[in-house]
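Biologist: I'm new to this one. Can you put it on screen and walk me through it?

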Amino acid sequence: MVQRLTERDFEFHLGYLGRAAQTAILADIRDVVKQAPMIQPMTPQRQKMSVRMTSAGRFGWIADPDGYRYDQRQPSGKTWPDIPRSILKIWRAVSGVTRDPDCCLINFYGEGARLGMHQDKDEGSFDWPVVSISLGDEALFRMGDVTRGGKTSSVWLKSGDVVVMGGAARLKYHGVDRIKFGSSPLLKKGGRINLTLRVAG
């Protein structure tokens with residue numbers, strides 16, 4: 001049974017994807033990675049991030065010493081592969097908007113990986129939601145406010161959970177404190193895949 005709840009303006013669809021749907025999406029992601037291999041990005045401060053990432057769609061998200069931005073081409077110069085239909089279907093069902101996303105950022109969290117508190121603010125407009133899909137190991141997702149610091153709350157996201165960040169939540173700080181490595185059988189070697197769907201341009 002899917003549980004829908006709202007906490008601090010983040011909308012959670014817990015248990016949204018069953019195992020068969022998760023497996024099908026995972027196969028589609030592997031096809032994307034064949035066309036756009038994952039890299040370990042570097043921050044503008046020249047520190048390597050602990051996650052590995054790639055993208056699908058008209059735009060991909062880039063992090064390197066030149067900054068954070070969306071680009072229509074991979075670092076190799078190739079265009080990004082299309083967003084798989086299995087993933088677009090989720091956006092259309094939960095986003096509440098008619099426009100499709102033009103970027104699907106794909107992050108892989110291995111053992112010990114995390115993502116610090118941040119805002120999604122590289123998009124051209126903040127009027128569109130961000131939809132996040134969790135696959136694989138459980139992740140401790142932390143939510144804050146529109147300014148850094150202050151009170152936060154956390155929830156464990158499991159494989160198949162979907163989060164919508166729109167409206168008041170669109171520019172709130174959020175992050176992943178840790179992964180419960182090996183908690184899901186979806187990925188044979190463990191780890192978590194997080195998909196975030198965005199309107200970039």
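**Two helices, then the strands**

Modeller: This is a predicted model. Start with helix H1, residues 19-35, and helix H2, residues 85-94: their axes come within 8 Å and cross at roughly 120 degrees.

Biologist: What does that angle make H1 relative to H2?

Modeller: Oblique, because angles over 145 degrees count as roughly antiparallel and 65 to 115 as roughly perpendicular, and the rest that are not under 35 count as oblique. Two packed helices are described by the angle and the distance between their axes.

Biologist: Which residues meet there?

Modeller: From H1, Ile25, Asp28 and Ile29. From H2, Ser86, Ile87 and Ile90.

Biologist: How do the residues of that contact divide by type?

Modeller: The contact of H1 with H2 has 4 nonpolar residues, 1 polar and 1 charged.

Biologist: New topic. Where does Gln74 lie?

Modeller: In the loop between strand S5, residues 67-71, and H2.

Biologist: Is Gln74 buried or exposed?

Modeller: Buried, since its relative accessible area is 7% and the cut-off for buried is under 20%. Leaving aside neighbours within four places in sequence, Gln74 is in contact with Gln35, Ala36, Pro37, Thr79, Trp80 and Pro81.

Biologist: What separates the C-alpha atoms of Gln74 and Gly60?

Modeller: A distance of 7.1 Å, with the two residues 14 apart along the chain.

Biologist: And how do S4 and S5 run?

Modeller: Strand S4, residues 60-64, runs antiparallel to S5, and 5 bridges join them. S4 and S5 form a hairpin with 2 residues between them. One bridge pairs Ile62 with Arg69 in S5.

Biologist: Let's look at S13. How many of its residues are buried?

Modeller: S13 covers residues 192-198, and 7 of its 7 residues are buried.

Biologist: Which way do they point?

Modeller: Arg192, Asn194, Thr196 and Arg198 point one way from S13. Ile193, Leu195 and Leu197 point the other way. In a regular strand the side chains alternate between the two faces of the sheet.

Biologist: Which strands does S13 pair with?

Modeller: S6, residues 103-109, runs antiparallel to S13, with 7 bridges joining them. S8 also pairs with S13 in the antiparallel sense, over 6 bridges.

Biologist: What is the bridge partner of Leu105 in S13?

Modeller: Thr196. Thr196 is also the bridge partner in S13 of Ser132.

Biologist: Tell me about Ser132. Where does it lie?

Modeller: In strand S8, residues 130-136. Ser132 is buried, with a relative accessible area of 7%.

Biologist: What does Ser132 touch?

Modeller: Not counting residues up to four places away in sequence, Ser132 touches Asp161, Val162, Val163, Met165, Asn194, Leu195 and Thr196.

Biologist: Which side chain shares a polar contact with the side chain of Ser132?

Modeller: Asn194, at 2.8 Å. Asn194 is also one of the buried residues of S13.

Biologist: There's another sheet, right? What is the strand order of the 4-strand one?

Modeller: The order is S7-S12-S9-S10. The sheet is open, with antiparallel pairing.

Biologist: Which strands are at the edges?

Modeller: S7, residues 115-118, and S10, residues 153-157. Each pairs on one side only.

Biologist: How many degrees are neighbouring strands turned against each other?

Modeller: By 20 degrees on average in this sheet, with direction ignored.

Biologist: How many bridges join S9 to S10?

Modeller: There are 5 bridges, with S9 spanning residues 138-143 and running antiparallel to S10. Met143 has Ser153 as its bridge partner in S10.

Biologist: Staying in S9, is Glu138 buried or exposed?

Modeller: Glu138 lies in S9 and is buried, with a relative accessible area of 14%.

Biologist: Which residues is Glu138 in contact with?

Modeller: Leaving aside neighbours within four places in sequence, Glu138 is in contact with Trp156, Leu157, Lys158, Arg178, Ile179, Lys180 and Ser183.

Biologist: Last one, Arg46. What is its phi?

Modeller: Positive, at about 65 degrees, although Arg46 is not a glycine. Arg46 lies in the loop between H1 and strand S3, residues 52-56.

Biologist: Is Arg46 buried or exposed?

Modeller: Exposed, because its relative accessibility is 60% and the cut-off for exposed is over 50%.

Key: Residues are numbered from 1 along each chain as its sequence is written. This is a predicted model: local features need pLDDT of at least 70, side-chain atom pairs count only at pLDDT 80 or more; totals for chains, interfaces and linings use all residues. Side-chain values use heavy atoms; hydrogens and water are left out. Axes are lines fitted to C-alpha atoms, for helices over the stretch in contact, and angles run from 0 to 180 degrees between N-to-C directions. Contact means heavy atoms within 4.5 Å. Ala, Val, Leu, Ile, Met, Phe, Trp, Tyr, Cys and Pro count as nonpolar, Asp, Glu, Lys and Arg as charged, and the others, Gly among them, as polar. Buried means under 20% relative accessible area, exposed over 50%, partly exposed in between (1.4 Å probe, protein chains only). A polar contact is a pair of N or O atoms within 3.5 Å; within protein, one must be able to donate a hydrogen and the other to accept it, and residues adjacent in sequence count only if both atoms are side-chain atoms. Two strands pair if DSSP finds at least two bridges between them.
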